Amino acid sequence: MDQTPRRMLGQPLSSPATQPKKRSTSVMSFFSKVSWNLRLQKQEPLKNVFFILAETARDPSVKKRHMVMRGLGTMACETPDKVRKYKKIILDLLVHGLYDPVSSEVIHESMKTLTIILGKMQGKALGSFFIDITLQTRTLLDDENDSLRYSAFVLFGQLADLAGRKWRSFFTRQVKQTQDSLLTHLQDRNPQVAKACKTTFRACSPYLRQSKDYSFQNEEDQRNPKLCRQLSHYHPELLQFFYANKIL
């Protein structure tokens, strides 16, 4: 696996002097063709387009991988019916991008597109992709990049709404392991991240209530002191919400 550190969002993509400009032009031409086929619904089977995207999503070029993730997001907005038909292929591509070992830009674009697509699918037929998405998203909640943290909290909150019965036990364990991150980022240095964290905390609240080994009971001496103390000091309205819903 490539050990090159992930590029920070906002950093310009490296372009070696030996790399011909023609390559960049061909990338843009390729995605323009894909978009054109989607809009006009030409006779070329759409499945062939996905095979091309799948190949490009594993290209050594970060720029190409990033453009695939962005193209899938555009596709989800413009042709949601096609997304549902080819959801397994699309989810496989996005999960692959979510675990990109080099580029934060690819990861970020994958999360944004997953948020769109999961909203279109309403969590249906996610299968084991739910586990893959949840595990990686949870690791990004503490990322040093503000944009990654924000998108991770938005996506994690969405996953909380989509877990359903099948993944409820699994997601409850993930929320338990995420409690410190949720508490920490309620005071995130970025106001937008803090706001997203607060929304996600609410979405995760049913899983806090269900987890028996959390000791979140009504008895005063069995309440989680760290959680109660921090919420009481910084977010009394959130603490009141937990009390009202018998989560604490």
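This report walks through a predicted model of an all-helix protein, from its overall layout down to a few single residues.

## The big picture

Let's start with the overall count. The protein has 12 helices and zero strands, and reading along the sequence you simply meet one α after another: α-α-α-α-α-α-α-α-α-α-α-α.

There are 248 residues in the protein, and 47% of them count as buried. The chain also brings together residues from separate parts of the sequence: among contacts between residues at least 6 apart in sequence, 70% join residues at least 24 apart.

## The nonpolar core

Which two residues touch the most other members of the largest nonpolar core? They are Leu72 and Phe171, in a core of 57 residues. The elements giving two or more residues to this core are α2, α3, α5, α6, α7, α8, α9 and α10.

Let's zoom in on Leu72. Setting aside residues up to four places away in sequence, leucine 72 touches Phe50, Leu53, Ile90, Leu93, Leu94, Thr113 and Ile117.

## How α2 meets α3

Two packed helices are described by the angle between their axes and the distance between the axes. For α2 and α3, the axes come within 9 Å and cross at roughly 145°. On the α2 side, the contact is made by Phe50, Leu53 and Thr56. On the α3 side, you'll find Lys64, Arg65, Val68, Leu72 and Met75.

What kinds of residues make up this contact? Sorted by class, there are five nonpolar, one polar and two charged residues. Leu72 shows up here again, and its partners Phe50 and Leu53 are also part of the α2 side of this contact.

## Helix α5 and its neighbours

Helix α5 covers residues 87–98, which is 12 residues. From first C-alpha to last, α5 reaches 16 Å, close to the 16 Å expected at 1.5 Å a residue.

The buried residues of α5 are Ile90, Leu91, Leu93, Leu94, Val95, Gly97 and Leu98. Those buried residues pack against α2, α3, α4, α6 and α7. Ile90, Leu93 and Leu94 are also among the residues that leucine 72 touches. As a handy rule for reading any such list, an α-helix has 3.6 residues a turn, so residues three or four places apart point the same way.

## Helix α6, end to end

α6 has 18 residues and reaches 25 Å from its first C-alpha to its last, close to the 26 Å expected at 1.5 Å a residue. Is α6 mostly covered or mostly uncovered? It's mostly covered, with 13 of its 18 residues buried.

Now for the two ends. At the start of α6, a side-chain oxygen of serine 103 reaches to within 3.1 Å of the backbone nitrogen of glutamate 105. After α6 comes glutamine 122, whose phi is positive, near 60°.

Leucine 118 sits in α6. Leucine 118 counts as buried because its relative accessible area is 0%, and the cut-off for buried is under 20%. Leucine 118 and leucine 155 are 37 residues apart in sequence, yet their C-alpha atoms are 9.1 Å apart in space.

## Buried residues in loops

Alanine 163 lies in the loop between α8 and α9. Buried or exposed? Alanine 163 is buried, with a relative accessible area of 4%. Leaving aside neighbours within four places in sequence, alanine 163 is in contact with Phe130, Arg168, Phe171 and Tyr207. One of these, Phe171, is the core residue named earlier alongside Leu72.

Aspartate 143 is in another loop, the one between α7 and α8. Aspartate 143 is buried too, at 12% relative accessible area. A polar atom of the aspartate 143 side chain lies 2.9 Å from the backbone nitrogen of asparagine 145.

## Polar residues tucked into helices

Glutamine 174 belongs to helix α9 and is buried, with a relative accessible area of 5%. Which side chain does glutamine 174 join through a polar contact of 2.7 Å? The partner is arginine 138. Apart from neighbours within four places in sequence, glutamine 174 is in contact with Thr134, Leu135 and Arg138.

Finally, meet serine 205 in helix α10. Serine 205 is buried, with a relative accessible area of 4%. Serine 205 and threonine 172 are 33 residues apart in sequence, while in space they are 9.8 Å apart, C-alpha to C-alpha.

Terms used. Residues are numbered from 1 along each chain as its sequence is written. This is a predicted model: local features need pLDDT of at least 70, side-chain atom pairs count only at pLDDT 80 or more; totals for chains, interfaces and linings use all residues. Side-chain values use heavy atoms; hydrogens and water are left out. Helices (H or I, at least four residues) and strands (E, at least two) are DSSP runs, numbered from the N terminus. The expected span of a helix is 1.5 Å times one less than its number of residues. Buried means under 20% relative accessible area, exposed over 50%, partly exposed in between (1.4 Å probe, protein chains only). Contact means heavy atoms within 4.5 Å. Axes are lines fitted to C-alpha atoms, for helices over the stretch in contact, and angles run from 0 to 180 degrees between N-to-C directions. Ala, Val, Leu, Ile, Met, Phe, Trp, Tyr, Cys and Pro count as nonpolar, Asp, Glu, Lys and Arg as charged, and the others, Gly among them, as polar. A polar contact is a pair of N or O atoms within 3.5 Å; within protein, one must be able to donate a hydrogen and the other to accept it, and residues adjacent in sequence count only if both atoms are side-chain atoms. A nonpolar core is a set of buried Ala, Val, Leu, Ile, Met, Phe, Trp, Tyr and Cys residues joined through side-chain atoms within 4.5 Å.
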